[in-house]
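Hello,

Here is the structure I promised to pass on. Please open it before you read the notes underneath.

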Amino acid sequence: HVSRPADVVEARILLPIVTEEQPIMEAVLLNPVVIICGETGSGKTTQVPQFLFEAGFGSPGSDNPGIIGITQPRRVAAMSMAARVAHEMSLSSSRVSYQIRYDATVSPSTSIKFMTDGVLLRELATDFLLTKYSVIIIDEAHERSMNTDILIGVLSRVLKLREDMWKAGTADVKPLRLIIMSATLRVSDFAENRTLFPTPPPVINVAARQHPVTIHFNRRTFSDYVTEAVKKTIKIHTRLPPGGILIFLTGQNEITGVCRKLEAKFGVKALERKRQQRQLAEDAADEHENTALGGDIRPAQADVEAEDLELGNQQVDDLAFDVDVDMVDEDPEALDSDEDTEEHQLDKELVFLELANILTELCAAPMHIVPLYSLLPSEKQMLVFKPPPPGCRLVVVSTNVAETSLTIPGIRYVVDCGRAKERRYDIANGVQAFQVSWTSKASAAQRAGRAGRTGPGHCYRLYSSALFEHHFDEFSKPEILRMPIEGVVLQMKSMHIDAVVNFPFPTPPDRATLHKAEKVLGHLGALGVTTSVAKGLTAEGVPSIDGQITELGRLMSLFPLSPPGQQQGCLPYIISIVSALSVGDPFLHDEGLVAEHEEEAVDGLEDADRTRRKAFFTTQHTHSALGNFTSDVFRILSVVGAYEFAGGGHKFCAQHFVRPKAMEEIHKLRAQISNIVQTNFPSADAGFVPRILPPTDMQLKVLRQLLAAGFIDQVAVRKDRVEQTSSAGVKYTTSKGVPYKALGVSEDVFIHPSSLLANTAPPEYVVFSELIRTTRVWIKGVTVINPA
Ligand code: ADP
Ligand code: MG
């Protein structure tokens, strides 16, 4: 029996799931797998473990003595939910515990254990039967993270094994139960997938208790959503009735930046100071106006979650669509009604408005501002659940952890930037990276719903309704389908799942592509290859891949991207190359030259133009010299190195004709990847050193091999080498107009004019990092495989 604090007893009665205890427990006892759908805040995460506990699960001596395990996609949720459930049940943190990668409160007496899904996947590697557990709850299954999908697939098999062993009377083995919980009703991939669960599991729907939320779209979509979020929050705060504000942003830097800005304007201290010395305080506040974009980079301390990775601002620009200038406002009644006038204010009116704003700000209540993101210390995380000090308005600035994982009480207004950080796969450069992208309509609905927990609310979307209608996906795609298939295979292999092709995925990727991915990974040396006849050659006499992950493969699986391994001290260069390819070519190529640098053009434009062109070609020549004019990739490596030695800066960028933003991004990405490698492989000695000496000839040789291996399926051969056409035997002076044949491309391809190889004699074999189709099919980022 459980004794609960009085306030908890009171709050529990109001949770919709509590009335479903009986049917839930019946279903769990009668079925190996049960699916529970319930609106965020209905009590799934905090109550279902308690139902199980009270039915005897997790208690020694009962029918189901094994631990109750609950997985969460995020560390914040694992830690705070464990603390909450312990509190609700008046049990210690050693009974109701959490485990995340480098931190845990578990003990031999643990009954309920919250963990990240990564932790459970690692446990499966050492104890495939999960003998410690009597029941596993997979929470937030609607997010369809790769880990969740893989876990559900693996667990479907573990259940079967445990049941078979139990039926066969194997000593001490009891069946394992699985509960899948989702905040949406969209569970057919689990419920109706016969490969996964031959008997369809019952689905229990928990009634929603949701107040209406009014949605307000912005008339336009601005790329600087961080500033927009601050503006909107200030408007809500100064003009609308009391009630908490929840702001959705994408990552830690944005969040701390916005917190600082709001704190400077409406923090308790700031307001006091302001009231005392109005003028002085305002100047000070203005100094804080610059949002902290960019900022410092944190080492990857534990499991890396997308939101932890701080990106620069570049991809944000890519999101700015200009499709909706003519849109009519959806909701004339609310805040946005004055936006139009505000945008077209005359100067005089502006001054007046400013004054009015200053006055409203001075009269406003203070804000109680609380950040929420994955790497926030746990005491700070808990602050979101505390009521704000009397007279203050609660303002929570959060990543999408507040979308469905944590229900924050007292929220009446939601400000939604419409974006989230995601792992994305860039088809163009073959690199996997973390990006800020639009969320789905389903996510937007969840975010809006957070405003309607305690009463009717309002959701302000910092994007237009046209953008929402035309550019938002209905639902976010399962992560497994967004990932490069090689990455999925590699991840699974690193979890010791060898039979990837037959794996029971909730949403299976195409089998043929899985096969191909295994092959590519074999070629890259990430998977073991057996040459012995005993293990068998394939029909074509090719050594077959034995499917086991190699050390190199394990190293590769740690990167958010897919570079080859460490050889000859090449790791820093590989990291630089991978970073640069992921960001994109930083060079301002000839055609963009004048336009991009217009503001710098001096008098006598034509002369200046000529001088600039000359300067451009001189620096191109300098950087192309690395690797002796054979690789666009080395040319970029050269400029990256030079940039660091010059200490960065706009002046360097202007002199070397590179985009400052791109250079800054590459710098940051290098630091991030170095830290990830350093954390996971201290022996690799990959600590981030910005300044690296140019690679030696030996190193260049290794790098060239690695590039060839890494782009094994992006090889092009000069056409006359493969086809005896009339052009055979022709002597070329440059590569211009010289056709190549690329693997898997039916048309001829040509070396892009931006490549340094466009102006040299045409090499026979090259690898490329990018393929684009315009009037022709062009290859970019070209490297000669076998230079003379
Ligand atoms: P679900 O998992 O269905 O989204 P939860 O079990 O997370 O719902 O939340 C149930 C209720 O418990 C919510 O009203 C939430 O605000 C409350 N709650 C959760 N954690 C805490 C906490 N640490 N302090 C106070 N209330 C909490
Ligand atoms: Mg939950």
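Below are my notes on one strand and on one ligand site.

Please keep in mind that this is a predicted model.

Strand 1

Start with strand 1, which covers residues 33-38. Is this strand mostly covered or open? It is mostly covered: six of its six residues are buried. That holds for both faces. Val33, Ile35 and Cys37 sit on one side. Val34, Ile36 and Gly38 sit on the other. Each of these residues is buried.

Now look at the pairing. Strand 1 runs parallel to strand 7 (residues 177-182), with five bridges between them. Within that pair, Ile35 has Ile180 as its bridge partner. Strand 1 also pairs with strand 8 (residues 203-206), again in the parallel sense, over four bridges. Here Cys37 is matched with Asn205 of strand 8. Ile35 and Cys37, the two residues picked out here, belong to one face of strand 1.

Ligand 1

Next, the ligand. How many residues surround ligand 1? The shell has 15. The closest are Lys44, Thr45, Thr46, Arg84 and Phe385.

Two helices are worth finding on screen. Helix 3 (44-54) and helix 4 (75-89) each give at least two residues to the shell. Helix 3 supplies the largest share, with four residues.

What is the make-up of the shell by class? Ten residues are polar, three are nonpolar and two are charged.

Best wishes

Conventions. Residues numbered from 1 in each chain as written. Chains lettered and ligands numbered in written order. Predicted model: local features only at pLDDT ≥ 70, side-chain atom pairs only at ≥ 80, totals over all residues. Buried ≥ 20, exposed ≤ 12 C-beta atoms within 10 Å, placed from the backbone. Pairing = 2+ DSSP bridges. Near = placed C-beta within 6 Å. Nonpolar A, V, L, I, M, F, W, Y, C, P; charged D, E, K, R; others polar.
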